[in-house]
Amino acid sequence: MKKPIGRTALAAQFHSSIAIRPSRKRLAVALAGACAAMSATHVWAQNQASSDSALPQIVVSPQQESDLNKPSTAGGRLELTPLETPASVTVISGDTIRERGYQTLLDAETRAPGITSVPFSGNGNNSLSARGFYGPNSISQLYDGMQLYNAGGVVTFPFDPWNVERVEFLNGPASVLYGTGFIGGAVNVVPKKPDFSKQSNEVQLSAGSFGTWRQAIDSTGAINDRLAYRINASRTSSDGWMEHGRNDSLTVSAALSWKATDALTLTLSNDYGDINPGSYEGTPIANGSYVPSLRYKNFNVDDADVRFTENRTYLRARYQLTPDVVFNNDVYLIKHERRYKETYTYAYNPVTGNVARSNYRDILGYQTQYGDHGYATINGDLLGRKNQLVVGFDLNRSTYDRNDNTNSAGNFPGANTISANSSSSGSFVQGTTASMRYLYRVTLDQAGVFLQDRHQLADQWSLTGGVRGDNYQSKRDDMLSGTSATGNINAMSWNTGVVFTPVHNTSLYAQYAVASDPATSLASISASQMQYAVSRGKQVEVGVKQSLWDGKLDWTLAAYRIIKSNLLTSNVGTPLLSDTVGQQSSRGLEATIAFKPTRDWRIEANASVLQARFDNFSTTSGNTVTVYNGYLPQFVPKRTGNLFVAWAFLPQWEVRTGAHYVSDRYSDNAQKNRLPAYTVLDAGLAWRPSERLKFDLRVDNLADKIYAASTYANSSTQWILGAPRSYTLTMNYAF
């Protein structure tokens with residue numbers, strides 16, 4: 001087998017034509033040229049399209065339509081409204097995300113009820129926690145319904161909200177929809193699509209604290225009666241709020257839709273992302289808290305290199321066989337590359353003023369995934385009542401090649417000590433002499449079939465249910481020993497729920513769901529872990545949803561209990577080893593409210609209260625057995641809350657504010673390493689001098705709160721701090 005080398009061919013070609021760090025002058029010229037080109041396209045398209053095409057508008061005041069009555073795919077492929085869905089679903093539109101000034105998708109995702117983040121570069125800065133469970137093997141993230149079988153628990157795409165049409169959240173088990181890895185919930189990011197109805201173009205420019213610059217452009221419209229396109233790109237660069245914090249990202253997406261016939265539409269899309277997130281891995285702590293003088297210090301090596309690239313290509317077909325039967329099919333190819341060259345563990349000695357660094361990792365990983373996903377939607381009658389049925393399949397193959405410098409014990413060797421006040425952090429080779437080696441390849445084949453149905457039992461009653469079966473076959477080829485290992489896992493999941501509508505726009509529901517999580521990342525599974533089957537989980541949920549006063553007031557309340565059995569977690573004393581947990585459970589309440597008393601005011605809030613615990617978990621260290629029954633699992637907060645208020649105090653002006661609260665969490669299962677609770681405030685002011693032009697000033701972390709946003713699992717020596725107060729001024733121009 002040939003050892004993979006270098007960056008992917010597509011990324012190499014892309015970078016040869018577009019500089020990652022263009023000068024501002026070159027960037028201005030490029031944007032001017034792009035604007036001119038799109039203006040010409042706009043004029044041409046107006047001659048081809050109908051005369052009633054309208055320019056896009058960035059709406060400041062809200063519509064009065066209830067979000068609970070808007071169909072989506074958040075709860076399934078039947079495109080039900082939240083009022084029709086017997087589960088907790090939330091949809092945040094891309095316009096709302098951009099209007100509030102969120103710079104990353106993670107910022108937007110953590111404003112959904114019960115969703116918190118655990119960002120560090122080892123998981124791609126993109127891991128989530130929900131309903132008592134943490135990580136991408138329990139809360140999976142999808143892009144346009146496509147799941148990446150994450151290798152090593154790393155998820156990095158998508159990350160930029162510019163290309164987002166909406167983000168859908170399903171809290172609780174979602175295995176019937178997507179397979180294993182969804183006991184805690186699912187997040188699906190739906191990108192913008194080509195628009196046949198109108199030609200629209202938009203440019204965004206922003207500048208912010210710490211040398212932060214952002215440029216973005218979007219264009220869509222009809223080429224003729226049969227073809228429509230969408231092209232968008234965004235680039236962000238920053239010096240970072242900490243020293244040596246330089247980072248940048250680039251995303252480019254393109255899609256072309258073709259109405260081959262009146263019944264058949266084909267869409268070819270490609271999405272590319274390149275992220276250089278910077279080298280910040282946190283600050284060392286002392287006596288269980290941060291050291292104020294070290295807040296802005298970066299203790300990674302000066303030549304650290306962390307980079308993620310990803311490219312997704314898919315061909316989507318939608319065929320309207322009859323007025324009541326539609327078939328959808330996606331064929332796709334995903335390629336990603338992960339690069340880590342850094343030291344990421346720090347310990348501070350307040351007596352000497354020195355910082356000891358360890359874990360000098362040098363990793364290069366390549367993953368390729370391709371597959372076919374198809375399903376048919378059938379609308380009709382059964383026993384004289386409306387019935388909606390979905391039947392589908394999934395086929396996937398993933399290959400993952402891992403190169404790194406771990407030793408025979410599975411550790412990243414290397415150590416070095418520097419002064420906490422040193423202006424230079426030295427180079428990578430000063431800490432280790434271990435060289436990178438081609439370690440293994442994991443090949444994962446997945447096949448699944450699923451069914452989902454909704455039947456209208458009576459005028460006020462509906463029944464929804466689904467079932468899914470998956471088979472996972474894995475093979476790991478060890479390149480050092482020349483040995484191979486294989487595994488075979490079967491997983492079955494199902495759910496059923498009932499919705500009762502006693503009065504108009506009011507739903508009472510109950511649901512029971514059975515789901516499964518992989519014991520570890522299947523795309524990078526070790527030979528020893530292949531003996532473990534999937535972890536089983538089951539949930540009971542009841543709730544109420546209601547829309548009042550013609551959509552001016554929406555509120556929801558859900559209560560749930562989840563039990564998960566036979567899962568793996570890292571050993572408290574030796575994190576490289578795994579312990580088996582007999583049972584872990586959680587129960588909680590989630591509530592949301594959206595109040596729009598007038599077109600000038602919006603008030604939105606959500607909160608969650610959670611009790612998560614190990615029910616059957618003990619571990620052995622030497623001759624000592626420790627029982628952790630009743631302990632809180634790592635990275636799980638007991639309470640979360642979000643508040644957003646906006647007031648259009650003048651016809652062209654709007655002021656807004658928000659608050660994000662997360663309670664205490666622990667980075668370890670022994671509850672020794674505590675991350676304190678925090679509340680972060682933000683504010684914004686928007687001015688629209690015309691329908692085409694908008695200016696927005698955003699202030700993040702308004703009170704300049706110093707808080708631990710995250711840390712590495714089981715870490716007792718460092719925190720990854722949240723960003724300090726920052727300012728961002730953004731201009732949007734539509735034409």
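**Exercise 1.** Which residue in S22 does Arg 441 stand opposite?

*Solution.* Keep in mind that you're looking at a predicted model. Start with the two strands: S21 covers residues 437-458, and S22 covers residues 461-478. They pair in the antiparallel sense, over 17 bridges. Now go to Arg 441 and look across: you'll land on Asp 477. To finish, check how the chain gets from one strand to the other: S21 and S22 form a hairpin, with two residues between them.

**Exercise 2.** Find the strand that 18 bridges join to S19, and name the partner of Asp 404 there.

*Solution.* S19 spans residues 385-404. Its 18 bridges lead to S21, and the two strands run antiparallel. Next, follow Asp 404 across to S21: its bridge partner is Arg 437.

**Exercise 3.** Work out which strands sit at the edges of the open sheet made of four strands.

*Solution.* First write down the order, S15-S14-S38-S37, with antiparallel pairing. Then look for strands that pair on one side only: these are S15 (289-290) and S37 (708-710), so they're the edge strands. Zoom in on S15 and its partner S14 (residues 283-286), and you'll count two bridges. In S15, Tyr 290 is the bridge partner of Ile 285.

**Exercise 4.** Decide whether Ile 603 is buried, partly exposed or exposed, and say why.

*Solution.* Locate Ile 603 in strand S28. Its relative accessible area is 31%. Buried means under 20% and exposed means over 50%, so Ile 603 counts as partly exposed. Ile 603 also helps make a nonpolar surface patch of about 910 Å², alongside residues including Trp 601 and Leu 643. The largest share of that patch, four residues, comes from S31.

Methods:
Residues are numbered from 1 along each chain as its sequence is written. This is a predicted model: local features need pLDDT of at least 70, side-chain atom pairs count only at pLDDT 80 or more; totals for chains, interfaces and linings use all residues. Side-chain values use heavy atoms; hydrogens and water are left out. Patches are made of residues with over 30% relative accessible area and no salt bridge: like charges are joined within 9 Å, nonpolar side chains (Val, Leu, Ile, Met, Phe, Trp, Tyr) within 5 Å. Accessible areas come from the Shrake-Rupley method with a 1.4 Å probe; for residues, only the protein chains shown count as cover. A salt bridge is a side-chain nitrogen of Lys or Arg within 4 Å of a carboxyl oxygen of Asp or Glu. Buried means under 20% relative accessible area, exposed over 50%, partly exposed in between (1.4 Å probe, protein chains only).
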